[in-house]
Amino acid sequence: MTAGFCQRCLHYAFDYETPKTLVIPNIGVGCVFRFTQLLVVLYVVGYVCVVQKAYQETDSVISSVTTKVKGFAFTNTSDMDPRFWDVADYVIPSQGDNSFFVLTNMVVTPNQTQSRCPELPNPSTTCVDDCDCIEGHSDPQGNGIQTGLCENYSTTAKTCEVLSWCPLEIDTKLPEHALLASAENFTVLIKNSITYPKFNVHRRNILPHINSSYLKRCEFNRATDPDCPIFRLKNIVSEAGEEFQDMAVKGGVLGIIIDWSCDLDWWAGKCYPKYSFRRLDSKHPVNNVAPGYNFRFAKYYKTQDGEETRTLIKAYGIRFDVIVFGTVRPE
Amino acid sequence: MTAGFCQRCLHYAFDYETPKTLVIPNIGVGCVFRFTQLLVVLYVVGYVCVVQKAYQETDSVISSVTTKVKGFAFTNTSDMDPRFWDVADYVIPSQGDNSFFVLTNMVVTPNQTQSRCPELPNPSTTCVDDCDCIEGHSDPQGNGIQTGLCENYSTTAKTCEVLSWCPLEIDTKLPEHALLASAENFTVLIKNSITYPKFNVHRRNILPHINSSYLKRCEFNRATDPDCPIFRLKNIVSEAGEEFQDMAVKGGVLGIIIDWSCDLDWWAGKCYPKYSFRRLDSKHPVNNVAPGYNFRFAKYYKTQDGEETRTLIKAYGIRFDVIVFGTVRPE
Amino acid sequence: MTAGFCQRCLHYAFDYETPKTLVIPNIGVGCVFRFTQLLVVLYVVGYVCVVQKAYQETDSVISSVTTKVKGFAFTNTSDMDPRFWDVADYVIPSQGDNSFFVLTNMVVTPNQTQSRCPELPNPSTTCVDDCDCIEGHSDPQGNGIQTGLCENYSTTAKTCEVLSWCPLEIDTKLPEHALLASAENFTVLIKNSITYPKFNVHRRNILPHINSSYLKRCEFNRATDPDCPIFRLKNIVSEAGEEFQDMAVKGGVLGIIIDWSCDLDWWAGKCYPKYSFRRLDSKHPVNNVAPGYNFRFAKYYKTQDGEETRTLIKAYGIRFDVIVFGTVRPE
């Protein structure tokens with residue numbers, strides 16, 4: 001009996017089972033059947049493999065960007081002395097990495113010192129006499145620490161005196177036309193190297209077929225010079241659908257997007273950057289706060305007698321963010 | 001024979017084969033069979049499609065961040081003159097991009113000049129006479145190039161003289177309480193616009209239902225104002241499980257994480273940012289070096305006779321990194 | 001008839017269909033059949049699950065980097081006064097985030113003021129008399145706004161006078177040997193914390209088994225100290241296959257790549273950073289423009305009588321970009 005049981009087990013394990021099939025020798029039915037099979041094969045090869053490339057792995061890009069702005073400007077307005085501006089003056093930060101700011105407009109408050117002055121007049125700072133001002137109080141809407149005195153701001157208004165960097169900045173006097181209007185003609189050279197680490201692929205946005213003499217004189221133009229890495233700021237802004245002079249007054253953020261989506265199959269062979277431009281901040285939404293783009297910085301000086309003074313600059317301008325993206329498919 | 005062979009081939013190519021099936025007309029067995037099929041269908045539709053959304057492509061986010069800190073502080077300690085601090089003084093870098101630093105504590109070394117002074121005393125710099133000091137030697141643990149002289153550092157200690165920015169910084173005198181303790185009440189406005197390029201989806205963290213007057217007075221609170229983009233620094237730090245005043249003394253790095261993981265299926269419709277906060281550096285690990293976060297920078301001045309002097313500042317403070325991430329699923 | 005129809009429908013719905021199978025009780029054929037099945041199982045378990053881990057989800061890394069450079073240098077060349085350089089002088093920006101620049105060479109133009117001076121001689125700026133210079137004209141290749149006068153640049157050359165920051169920078173006088181050649185011995189401490197938000201995994205590059213005393217004296221070496229987060233600049237550059245002194249003359253961009261690709265299966269347990277180094281800009285391609293890495297910045301001063309002067313520095317050096325990447329597979 002045991003021998004019989006083992007043999008039965010062996011039979012189960014090593015018997016070959018196959019469905020009985022019925023062959024219908026009808027050409028019509030057969031054609032329909034083969035055509036259906038063909039559709040399945042076409043779907044797998046054509047769509048899954050060729051279109052979607054589902055057999056491929058993907059990898060994200062590692063990118064390095066350097067930028068170099070070129071150009072100068074001259075300003076001669078009633079508010080300021082005539083002044084010449086070069087790269088060291090208007091590009092902040094100066095290092096030229098993947099985000100750079102070009103100053104286009106500003107409110108300058110020179111010769112500020114640590115001292116006392118009456119507040120700018122607004123409902124919470126106007127006063128009649130010293131009783132309205134609290135010593136040591138700091139109003140979050142104000143500009144300094146109150147000293148407890150009520151002083152003449154002008155012949156008509158009295159405001160609480162504050163300890164602060166005086167004179168206070170009056171940032172409502174922003175020029176209506178951008179001070180550095182000629183910044184639209186500045187150019188920027190963008191150098192971008194990328195690596196797909198998984199596939200050991202390296203590319204740079206200065207393409208192999210471009211020579212040095214062309215690079216010295218070219219300027220990006222989507223139609224005529226799509227591979228030139230030198231961009232005129234006005235063109236960048238207008239490609240993003242904006243007007244440079246409008247944007248220059250209150251500032252903004254502009255994205256320079258470099259798309260390196262590559263297909264590394266041998267028959268594809270191409271891996272070129274595609275440039276596009278988009279304004280990244282909101283222009284005129286109904287709900288906004290602090291529209292445009294600005295920040296404050298100061299240059300610090302020392303007078304002969306060792307006192308620290310500063311020039312406060314509320315800088316308006318366009319921040320250019322170079323954004324590199326792309327996924328690659330392997331070799 | 002050839003004709004017969006061809007015909008056989010044709011038969012093989014266009015015969016329709018189908019398995020012979022056995023139909024068991026038993027309701028019980030049939031129910032079990034259909035129930036099994038139902039489970040498979042439920043798995044595919046319910047889990048793969050609805051839960052995992054495996055039919056969807058995904059895309060990574062392109063993000064643009066601007067930040068603007070607001071607030072001022074007043075310091076009056078025995079070490080320094082009374083001083084008023086505003087944004088231009090304590091926010092570094094001033095541009096307000098996705099990483100900003102708020103100064104909370106510092107060691108200031110004013111009036112440094114290129115000159116000679118005795119080293120700070122430590123085992124490798126103390127000397128008895130000039131023979132212990134080697135001209136031109138630069139000790140990696142030291143602060144300058146030795147001149148070969150042994151000078152009095154104090155009445156009790158003699159150290160090698162060095163060429164350096166003198167007087168040397170004594171960074172052991174870090175204030176125990178953060179100098180700019182009131183930085184906890186500063187606020188920061190974070191504006192974030194995102195784009196999913198593959199799906200042409202644009203969103204910003206100022207949501208459509210928020211109006212400008214609300215934005216002027218609101219403050220982020222996870223319970224009551226979860227959509228307000230204005231954050232009080234103290235709250236950010238406490239949401240990350242830290243104490244602002246502790247962190248302000250030696251500095252640290254704090255992540256403001258904005259999660260834009262969106263589901264763009266038409267019935268989902270929502271794509272809101274979710275804010276979270278995490279301390280990114282290590283607080284008190286057993287193994288650490290240079291805990292906290294600090295860096296040195298200098299303000300350069302020129303004296304009347306053209307000599308360069310500088311004020312060296314070892315700045316301690318909190319670096320806030322705005323980190324945006326998210327993957328989207330398509331429309 | 002209706003009852004019969006319903007019954008037939010019911011039969012279709014709940015009949016159990018199964019193919020008729022043919023059992024071939026042949027050990028040889030059975031073995032081949034089972035072996036084929038085994039191959040399929042091995043492929044699914046061995047390749048898809050174990051090698052490709054296709055059952056796992058993946059997640060991208062969120063990273064925070066702080067860097068701190070240490071070292072000082074002394075320069076004594078004929079062009080400049082002897083000068084001592086420390087971190088605050090040569091690291092730009094000073095904050096120490098994931099991209100820092102170490103100054104190695106420079107062209108310094110001190111005492112520039114807003115004034116007038118003759119242009120640097122080149123074909124488009126040389127002139128014979130005032131008629132060759134157009135008042136208000138700004139040549140894109142030039143350095144300022146022409147005043148319309150033709151002045152002596154030297155005893156042999158006359159050039160158009162320009163309004164600019166004068167004296168003009170002569171950047172052809174770049175030192176042939178890097179001024180801060182000793183920068184090769186500077187060290188940098190890199191602290192990197194990462195988070196995989198989907199899996200709540202946190203890691204830092206100071207590994208748990210490293211103690212503080214080791215951190216104070218160690219230096220990265222791929223063979224002997226692969227986990228030490230302190231890197232000597234010379235070694236970083238040489239690991240990238242470059243020569244520090246060559247690169248220091250004209251500058252460059254160097255990537256410090258930290259790969260956190262982790263496998264979080266319980267039996268894997270390890271999640272260590274792997275460091276690699278790569279030069280990210282192009283060294284000597286046939287087609288290049290503005291090779292190396294440099295940027296201009298200025299230090300602003302005020303003279304006793306309130307006039308603004310500046311020292312313009314064309315800074316050449318090595319920008320180190322810390323690039324963190326990695327995908328994780330879940331626990």
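Tutor: Two strands pair if DSSP finds at least two bridges between them, where a strand (E) is a DSSP run of at least two residues, numbered from the N terminus. The model is predicted, and local features need pLDDT of at least 70, side-chain atom pairs count only at pLDDT 80 or more, and totals for chains, interfaces and linings use all residues. Residues are numbered from 1 along each chain, chains are lettered from A, and side-chain values use heavy atoms, without hydrogens or water.

Student: What makes strand E2 of chain B and strand E1 of chain C a pair?

Tutor: Strand E2 (residues 21-24) of chain B and strand E1 (residues 16-19) of chain C share 4 bridges in the antiparallel sense, and because at least two are required, they count as paired. Within this pairing, C:Tyr16 is the bridge partner of B:Ile24.

Student: How is the contact between chain C and chain B described, in residues and in buried area?

Tutor: Contact (heavy atoms within 4.5 Å) links 49 residues of chain C with 58 residues of chain B. Buried area, the accessible area (1.4 Å probe) lost on putting two parts together and summed over both, comes to about 4,500 Å², 57% of it on carbon and sulfur atoms. C:Tyr16, C:Phe84 and C:Gln95 supply 15% of the area that chain C buries against chain B, more than any other three residues.

Student: Why is the meeting of B:Arg310 and C:Asp89 called a salt bridge?

Tutor: The term asks for a side-chain nitrogen of Lys or Arg within 4 Å of a carboxyl oxygen of Asp or Glu; the side chains of B:Arg310 and C:Asp89 meet at 3.1 Å, N to O, and therefore satisfy it. The count between chain C and chain B is 4 salt bridges. On the side of chain C that touches chain B, strand E4 (residues 62-70) gives the most, with 7 residues.

Student: How do you know that chain A and chain C are related by an axis, and of what kind?

Tutor: Copies are superposed by least squares on the C-alpha atoms of residues with pLDDT of at least 70 in both. A rotation of 120 degrees, with 0.1 Å of shift along its axis, places chain A on chain C at RMSD 0.1 Å, which is the relation of a three-fold axis. The copies nevertheless use different surfaces, as 10% of the contact residues of chain A recur in chain C.

Student: What makes the peptide bond from A:Ile92 to A:Pro93 and the phi of A:Asn111 worth noting?

Tutor: Most residues other than glycine have a negative phi, and most peptide bonds are trans. The bond from A:Ile92 to A:Pro93 is cis, with omega near -10 degrees, and A:Pro93 sits in the loop between strand E7 (91-92) and strand E8 (99-118) of chain A. A:Asn111, not a glycine, has a positive phi of about 60 degrees and lies in strand E8 of chain A.
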